[in-house]
Amino acid sequence: RQRQMCKETAFTGPGLQQAEAIYDRHTTIKQFFIDVLNVSEENAEQDACKIEHILSDESYEKLKNFKK
């Protein structure tokens with residue numbers, strides 16, 4: 001089963017799961033910056049793009065659970 005993620009790229013199987021996980025990580029970090037730290041949406045977007053790739057799984061889970 002193929003699902004279009006954006007206009008130029010389609011993912012299947014494990015690639016789709018990984019893309020969804022990265023997107024979820026990005027949106028969680030971005031919303032944390034906006035909701036908890038009161039960062040502007042523009043800066044939150046830019047910072048989330050940078051941090052989503054280097055944040056450890058442990059730190060990400062703590063950040064995600066902090067929001068709840």
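Helices and strands here are runs assigned by DSSP, numbered from the N terminus. With that in place, the elements of this protein run β-β-α-α-α, starting from the N terminus. That makes two strands and three helices. What you see above is a predicted model, so please keep that in mind throughout.

Some overall values to begin. The protein has 68 residues, and 21% of them are buried. About 5,200 Å² is exposed, and carbon and sulfur atoms supply 49% of that area. As for contacts between residues at least 6 apart in sequence, 41% of them join residues at least 24 apart.

Now the inside. Which residues make up the largest nonpolar core? There are seven: Ile-29, Phe-32, Phe-33, Ala-44, Ala-48, Tyr-60 and Leu-63. H1, H2 and helix H3, which spans 57–66, each supply at least two residues of this core. H1 gives the largest share, with three residues.

Staying with helix H1, look at His-26, which lies in that helix. Is His-26 buried or exposed? Its relative accessible area is 9%, and the cut-off for buried is under 20%, so His-26 counts as buried. Its side chain makes a polar contact with the side chain of Glu-52, at 2.4 Å. Setting aside neighbours within four places in sequence, the residues in contact with His-26 are Glu-45, Ala-48, Cys-49 and Glu-52. Ala-48 you have already heard about, as a member of the core.

Next, the charged side chains. The structure holds four salt bridges, and I will go through some of them.

One is between Glu-41 and Lys-30, whose side chains meet at 3.5 Å, N to O. This pair links distant parts of the chain, with Glu-41 in helix H2 and Lys-30 in helix H1, eleven residues apart. The two partners differ in how they are covered: Glu-41 is exposed, at 54% relative accessible area, whereas Lys-30 is buried, at 14%.

Lys-30 also meets Glu-45 in a salt bridge, at 3.0 Å, N to O. Here again distant parts of the chain are linked, Lys-30 being in helix H1 and Glu-45 in helix H2, 15 residues apart. Glu-45 is partly exposed, at 29% relative accessibility.

Another salt bridge joins Glu-61 and Lys-64, with the closest N and O atoms 3.3 Å apart. How far apart are these two along helix H3? They are three residues apart, so about one helical turn separates them. Glu-61 is partly exposed at 34% relative accessibility, and Lys-64 is partly exposed too, with 26%. Back to the earlier pairs for a moment: salt bridges with shared partners join Lys-30, Glu-41 and Glu-45 into one network.

Last, the surface. Where is there a nonpolar patch? Val-36, Leu-37 and Phe-66 make one, of about 290 Å². Leu-37 sits in the loop between helix H1, residues 13–35, and helix H2, residues 41–51. Its relative accessible area is 46%, so Leu-37 counts as partly exposed.

To recap the places to look at: the seven-residue core, to which H1, H2 and H3 each contribute; the network of Lys-30, Glu-41 and Glu-45; and the nonpolar patch of Val-36, Leu-37 and Phe-66. That is what I have.

How values were computed. Residues numbered from 1 in each chain as written. Predicted model: local features only at pLDDT ≥ 70, side-chain atom pairs only at ≥ 80, totals over all residues. Heavy atoms only, no water. Patch = residues over 30% accessible without salt bridge, like charges linked within 9 Å, V, L, I, M, F, W, Y side chains within 5 Å. Areas by Shrake-Rupley, 256 points an atom, 1.4 Å probe, with all protein chains shown as cover. Helix = DSSP H or I, 4+ residues; strand = E, 2+ residues; numbered from the N terminus. Buried < 20%, exposed > 50% of the residue type's maximum accessible area, 1.4 Å probe, protein only. Polar contact = N/O pair within 3.5 Å; in protein donor to acceptor, adjacent residues only side chain to side chain. Contact = heavy atoms within 4.5 Å. Core = buried A, V, L, I, M, F, W, Y, C linked by side-chain atoms within 4.5 Å.
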